[in-house]
Amino acid sequence: MTIHPHWYYYPVVLKLTAQHGPMHRSIIRELSAQETSLPAADYEVENERGTNIFYSRINWAVTDMVGIGALVRASRGVAEITPFGKELLRRFP
């Protein structure tokens, strides 16, 4: 399985929101899978409770980035990069 820990996706999420502007989490998930070349089979893996693992990792990455101020919630389910997020991305690509 090639699903990484949620922190692995921090720069991916920042890069995507910087390139595309405010995005819904479902679009962030799809583009993150493409960006990291996630195999289709891994995209569908669920844990024993039925939670999709990749979805969860991306959701936690977005939540953590909102928590530190790198992203804001523009509306329900939509994340937007902040100036601080752009600075993080510039300094730590």
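In which sense do E1 and E3 pair, and over how many bridges? In this predicted model, E1 and E3 pair in the antiparallel sense, and two bridges join them. One position to look for in that pairing is Met23, which stands opposite Ala79 in E3.

From there the whole sheet can be followed. It is an open sheet of three strands in the order E1-E3-E2, with antiparallel pairing. Strand E1 (23-24) and strand E2 (71-75) are its edge strands, each of them pairing on one side only. E2 runs antiparallel to strand E3 (residues 78-81), and four bridges join the two. Within this pairing Arg73 has Ala79 of E3 as its bridge partner, and Ala79 is also the residue that Met23 stands opposite. Helix H1 packs on the sheet and touches E1, E2 and E3, while the direction of H1 makes about 85 degrees with that of E3. The link between E2 and E3 is a hairpin with two residues between the strands, and in the turn Gly77 has a positive phi of about 80 degrees.

The helices can be taken next, beginning with the one that lies on the sheet. Helix H1 (residues 10-20) packs against helix H2 (residues 25-35) at an angle of about 115 degrees, and their axes are 10 Å apart. That angle makes H1 roughly perpendicular to H2, and the crossing in which H1 passes H2 is right-handed. On the H1 side the contact is made by Val12, Val13, Lys15, Leu16, Thr17 and His20, and on the H2 side by Ile28, Leu31, Ser32 and Glu35. Sorted by class, this contact of H1 with H2 has five nonpolar, three polar and two charged residues.

H2 also meets helix H4 (residues 53-67), for the axes of these two helices come within 10 Å and cross at roughly 115 degrees. H2 and H4 are therefore roughly perpendicular to each other, and H2 passes H4 in a right-handed crossing. Here Arg25, Ile28, Arg29, Ser32 and Ala33 in H2 meet Phe54, Tyr55, Ile58, Asn59, Val62 and Thr63 in H4. By class, the contact of H2 with H4 has six nonpolar, three polar and two charged residues. Ile28 and Ser32 of H2 take part in the contact with H1 and also in the contact with H4, which is a useful pair of residues to locate when tracing H2 in the structure.

Key:
Residues are numbered from 1 along each chain as its sequence is written. This is a predicted model: local features need pLDDT of at least 70, side-chain atom pairs count only at pLDDT 80 or more; totals for chains, interfaces and linings use all residues. Side-chain values use heavy atoms; hydrogens and water are left out. Axes are lines fitted to C-alpha atoms, for helices over the stretch in contact, and angles run from 0 to 180 degrees between N-to-C directions. Angles under 35 degrees count as roughly parallel, over 145 as roughly antiparallel, 65 to 115 as roughly perpendicular and the rest as oblique. A crossing is left-handed if the near helix is turned anticlockwise from the far one by less than a right angle, and right-handed if clockwise. Contact means heavy atoms within 4.5 Å. Ala, Val, Leu, Ile, Met, Phe, Trp, Tyr, Cys and Pro count as nonpolar, Asp, Glu, Lys and Arg as charged, and the others, Gly among them, as polar. Two strands pair if DSSP finds at least two bridges between them.
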